[in-house]
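Colleague: I should like to learn how to read a model of this kind, feature by feature. May we begin with the chain as a whole and then turn to its details?

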Amino acid sequence: MLPSSDHLDIDRVSAEELIAAGTAAVLNSSPSSGGSYPNLGPQLLVEAGILLVDLTDDSLFETLSDAEPVVVQVTTTAGAEGHAVGEVLARG
């Protein structure tokens, strides 16, 4: 399961639901932690081994349809790309 989302400040409850659902990676078009308050969601996702990528914009939502397969390729320790049929669709 690879949800993409627009969830500013991923909270603990949301992270626990994603973990329970067997999520492999989360592509978020909003900052997973905006800095307004300490939130445990991003930490829980990463500790569970789930790749968490904050995208630079929400164009991925406009490009993909539900259940369309996507390959997430980690390019560096500070970045990842989402690919479909060899085309880079998003970076974060």
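Modeller: Let us start with contacts between distant parts of the sequence. In this predicted model, residues 24 or more positions apart account for 53% of the contacts in the chain with a separation of 6 or more.

Colleague: In what order do the elements of the chain run?

Modeller: The chain has 3 helices and 6 strands. Read from the N terminus, the order is β-α-β-α-β-α-β-β-β.

Colleague: What share of the 92 residues is buried, and what does the chain expose?

Modeller: A residue counts as buried under 20% relative accessible area. Buried residues make up 35% of the 92 residues here. The chain exposes about 5500 Å², of which carbon and sulfur atoms supply 54%.

Colleague: How should one read a helix, and which residues of helix 1 are buried?

Modeller: One asks where the buried residues lie around the axis. In helix 1, residues 12-20, they are Ser-14, Ala-15 and Leu-18. These residues cover an arc of only 100° around the axis, which puts them on the same side of helix 1. Glu-17 and Ala-20, on the other side, are exposed.

Colleague: Against which elements do the buried residues of helix 1 pack?

Modeller: They pack against strand 2 (25-28) and helix 2 (41-47).

Colleague: What is found at the start of helix 1, and what just after it?

Modeller: At the start, a side-chain oxygen of Asp-11 comes to within 3.1 Å of the backbone nitrogen of Val-13. Just after helix 1, Gly-22 takes a positive phi of about 80°. Thr-23 is placed in the loop between helix 1 and strand 2.

Colleague: Why does Thr-23 count as buried?

Modeller: Thr-23 counts as buried because its relative accessibility is 7%, and the cut-off is under 20%. Its side chain reaches the backbone oxygen of Leu-18 at 2.8 Å.

Colleague: How does one read a nonpolar core, and which residues make up the largest one?

Modeller: In soluble globular proteins, nonpolar side chains tend to be buried together. Here the largest nonpolar core has 6 residues: Ile-10, Ala-15, Leu-18, Val-26, Leu-45 and Ile-50. A second, separate core of 5 residues includes Val-53, Leu-55, Leu-60 and Ala-90.

Colleague: Which residues does Leu-45 touch?

Modeller: Leaving aside residues up to four places away in sequence, Leu-45 touches Ile-10, Ala-15, Leu-18, Ile-19, Val-26, Ile-50 and Leu-52. Ala-15 and Leu-18 are also among the buried residues of helix 1.

Technical notes: Residues numbered from 1 in each chain as written. Predicted model: local features only at pLDDT ≥ 70, side-chain atom pairs only at ≥ 80, totals over all residues. Heavy atoms only, no water. Buried < 20%, exposed > 50% of the residue type's maximum accessible area, 1.4 Å probe, protein only. Helix = DSSP H or I, 4+ residues; strand = E, 2+ residues; numbered from the N terminus. Arc of directions from axis to C-beta. Contact = heavy atoms within 4.5 Å. Polar contact = N/O pair within 3.5 Å; in protein donor to acceptor, adjacent residues only side chain to side chain. Areas by Shrake-Rupley, 256 points an atom, 1.4 Å probe, with all protein chains shown as cover. Core = buried A, V, L, I, M, F, W, Y, C linked by side-chain atoms within 4.5 Å.
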